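Dear colleague,

I am passing on the structure below, together with some notes on its side-chain contacts and surface. Please read the notes with the coordinates open beside you.

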Amino acid sequence: MTTMQMNAEILRNMSIIAEDESLLKRAARYLRKLAAEKENDTTLLSKEEFFARVDDAREQIKRGEGVEMLPDESLDEFLERVADV
């Protein structure tokens, strides 16, 4: 679903609850909570930060410092193995 489609869906749903004050209050509280979570989420990166990390990872691989997932290795096994590195 594109951003425009999601915005349209949100607006459609808002028009449905617009006449009910208690529903609008609940929606407003939830939206405030979501906005606060985004502001406090330390895992969120800007586009620039994300691509800088990708560039750093590529440089590490060029230097031979990368870690590969082995064929037939499960994700859990891989994560256990690289946690020891």
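Is Lys25 buried, partly exposed or exposed? With a relative accessibility of 47%, Lys25 counts as partly exposed; please bear in mind here, and in everything that follows, that this is a predicted model.

Lys25 is a useful place to begin, since this residue takes part in a salt bridge with Glu21, in which the closest N and O atoms are 3.4 Å apart. Both residues belong to helix H2, which covers residues 21-40, and because they lie four residues apart in that helix, about one helical turn separates them. Glu21, for its part, is exposed, its relative accessible area being 55%.

The search of the whole structure gave four salt bridges, and two others among them deserve a description. Arg63 and Glu65 are joined through their side chains in a salt bridge, with an N to O distance of 3.0 Å; Arg63 is exposed at a relative accessible area of 52%, whereas Glu65, with 45% relative accessibility, counts as partly exposed. Glu73 and Arg81 form another salt bridge, and here the closest N and O atoms are 2.9 Å apart. In this pair Glu73 is buried, with a relative accessible area of 13%, which falls under the 20% cut-off for that class, while Arg81 counts as partly exposed at 30% relative accessibility.

Turning to the aromatic side chains, the search of the whole structure finds one aromatic pair. Its rings are those of Phe50 and Phe51, whose centres are 5.1 Å apart and whose planes meet at 80°, so the pair is classed as edge-to-face; the angle cut-off behind that step is over 60 degrees. Phe50 is partly exposed, with a relative accessible area of 42%, and Phe51 is likewise partly exposed, with a value of 45%.

Finally, the surface carries a nonpolar patch of about 300 Å², to which Tyr30, Leu31 and Leu34 contribute. Tyr30 is placed in helix H2, the helix that also holds the salt-bridged residues Lys25 and Glu21, so you may wish to view the patch and that salt bridge in one session.

With best regards

Definitions and conventions:
Residues numbered from 1 in each chain as written. Predicted model: local features only at pLDDT ≥ 70, side-chain atom pairs only at ≥ 80, totals over all residues. Heavy atoms only, no water. Helix = DSSP H or I, 4+ residues; strand = E, 2+ residues; numbered from the N terminus. Buried < 20%, exposed > 50% of the residue type's maximum accessible area, 1.4 Å probe, protein only. Phe/Tyr/Trp six-rings, centres within 6.5 Å; stacked < 30°, edge-to-face > 60°. Patch = residues over 30% accessible without salt bridge, like charges linked within 9 Å, V, L, I, M, F, W, Y side chains within 5 Å. Areas by Shrake-Rupley, 256 points an atom, 1.4 Å probe, with all protein chains shown as cover.
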